[in-house]
Amino acid sequence: MADTNYDGLVFPTNNFSNGLENDSKKLSSPLNGGLVDPAASLATARHEFGEHGGVNMSIEASATFTVMEPETLRRMFSGELGHDQDFFIYSRHFNPTVLNLSRQMAALEGTEAAYCTSSGMSAISAVLLQLVSSGGHVVAANSLYGGTHALLTHFLPRVSNITTTFVDIMDLEQVNDAIVEGKTNVLYFETMSNPNLKVANIPELSRLGHGKGVTVVVDNTFAPMVVSPARLGADVVVHSVSKFISGGADIIAGAICGPASLLNSMMGLHNGTLMILGPTMNAKVAFELSERIPHLSIRMKEHSNRALAYATRLEKLGVKVIYPGLKSHPQHELLKSIANNGYGFGGLFGIDMETEEKANKFMSYLQNYAQFGFMAVSLGYYETLLSCSGSSTSSELNEEEKRQAGISPGLIRVSVGYVGTLEQKLGQLEKALNRFYEDGFYIKN
């Protein structure tokens, strides 16, 4: 296993300022299986005020920080003085504005600590390179975001001799057989797989992984607020903050949420991937995001509400729809059992049009004829985004890998926005579908 020992700057544990971590049961409810509501966690996180008493914190845009005495620098570099005492050295290490966002992310996911990075892929890469040494082994879901799949399939073997065994994450026996005790370091999967929305059994996968001594890392980009992987047993949660958490399709950012011991090792002066590789978040970006997280719960509820309405309508019209909120979805009951109460089933669904030609035609009608949404990659935007996954965000996978992952060539990934009224958007959706049929196209349910 890679170096996870502290050798430099101290990363504080997240005590949520009022003992939430030690008193979480008071915020839980029998309605959600005893899970802590992430909105309640966020509400109890430390609130930073502005330099002159403003209700919003000030942006600390400095790259470097001064001290009054020369000896203070030595004490900071030795770890004797740190940002928990308001001592800062350099913003690649810690920045007050970025640290505030990190506390919010730790509260959201219920972890001891968090660190915010310049992108989702930098967060994923830094975690894996910290946890897996040269010659190490990863077991990962065969259905993953294309960039992550490329990292595991091509980049890590080339630069670090790290190999990956891809498995059907739904098949616990296959997962168990793929993990080699003493060799496998990480079990990696997504809460809801990109793009085909398979729902991982996080509690069982975590128990399985821990039983064999591996670290369980979960990408929760598709399901912030909806599912809390760390509260279900996962060790580390990563995010592309660019998506739902940002909500504006205007920011690139990532986050790592996990134990303080791991984050300490990642900030180590000699072997820490965050310290050495420097995937630093800009303080101005961190401020923007810290102002958006407080209303993430409201946005996620509406994303989910709209997604369920659209998926239900399309299924009734005979379209093959993939959405965990539908009873026809294989993991519908599983998601109900692990989801946080009140946040629905997520803001993405899939439409299987069978072929890329039909998918492209229907997307064209949705955008250019009915004005239902935009053809664009990414997700979590307030407008609806449409992409044919096989030829876009999953294009890093070859045809056999797509087949094994269950990615149809005609799969449209729909990231549901909340602009316009629900009835207005349902009308636009049906308008595009009617035009599709009128032009002689058809799809099998």
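1. Of the 445 residues in the protein chain of this predicted model, buried residues make up 56%. The surface that the chain exposes comes to about 18,000 Å², and carbon and sulfur atoms supply 51% of that area.

2. As to the overall fold, the secondary structure of the protein chain consists of 15 helices and 12 strands. The radius of gyration is 22 Å, close to the 22 Å that the globule rule gives for 445 residues, so the chain is as compact as a globular protein of that length. Taken along the principal axes, the box filled by the C-alpha atoms is roughly 80 × 50 × 40 Å.

3. Contacts in the chain often join residues far apart in sequence: among those between residues at least 6 apart, 73% join residues at least 24 apart. Regarding charge, the chain carries 33 positive and 43 negative side chains, and the centres of these two sets lie 5 Å apart.

4. His239 deserves a closer look, and its place is in strand β6, which covers residues 236-240. Because its relative accessible area is 2%, under the 20% cut-off, His239 counts as buried. The side chain of His239 makes a polar contact with the side chain of Glu109, at 2.6 Å. Leaving aside residues up to four places away in sequence, His239 touches a set of residues that includes Met105, Glu109, Gly120, Ala123, Asn220 and Thr221, and Pro224, Ile245, Ala253, Gly254 and Ala255 are also among them.

5. Met225 lies in the loop between β5 (215-219) and β6, the strand that holds His239. The phi of Met225 is near 75 degrees, a positive value in a residue other than glycine, and at 2% relative accessibility this methionine counts as buried.

6. A positive phi also occurs at Asn161, where the angle is about 55 degrees although the residue is not a glycine. Asn161 is placed in the loop between α5 (146-160) and β3 (163-167).

7. The peptide bond from Asn194 to Pro195 is cis, with omega near 10 degrees, and Pro195 is found in the loop between β4 (184-190) and α7 (202-211).

8. Is Met267 buried or exposed? With a relative accessible area of 0%, Met267 is buried, and its place is in the loop between α8 (260-266) and α9 (273-277). Measuring C-alpha to C-alpha, Met267 and Glu288 are 24 Å apart in space, while their separation in sequence is 21 residues.

Terms used: Residues numbered from 1 in each chain as written. Predicted model: local features only at pLDDT ≥ 70, side-chain atom pairs only at ≥ 80, totals over all residues. Heavy atoms only, no water. Helix = DSSP H or I, 4+ residues; strand = E, 2+ residues; numbered from the N terminus. Rg over C-alpha atoms; globule rule 2.2 N^0.38 Å. Buried < 20%, exposed > 50% of the residue type's maximum accessible area, 1.4 Å probe, protein only. Contact = heavy atoms within 4.5 Å. Areas by Shrake-Rupley, 256 points an atom, 1.4 Å probe, with all protein chains shown as cover. Lys, Arg positive; Asp, Glu negative; His and termini not counted. Charge placed at Lys NZ, Arg CZ, Asp CG, Glu CD. Polar contact = N/O pair within 3.5 Å; in protein donor to acceptor, adjacent residues only side chain to side chain.
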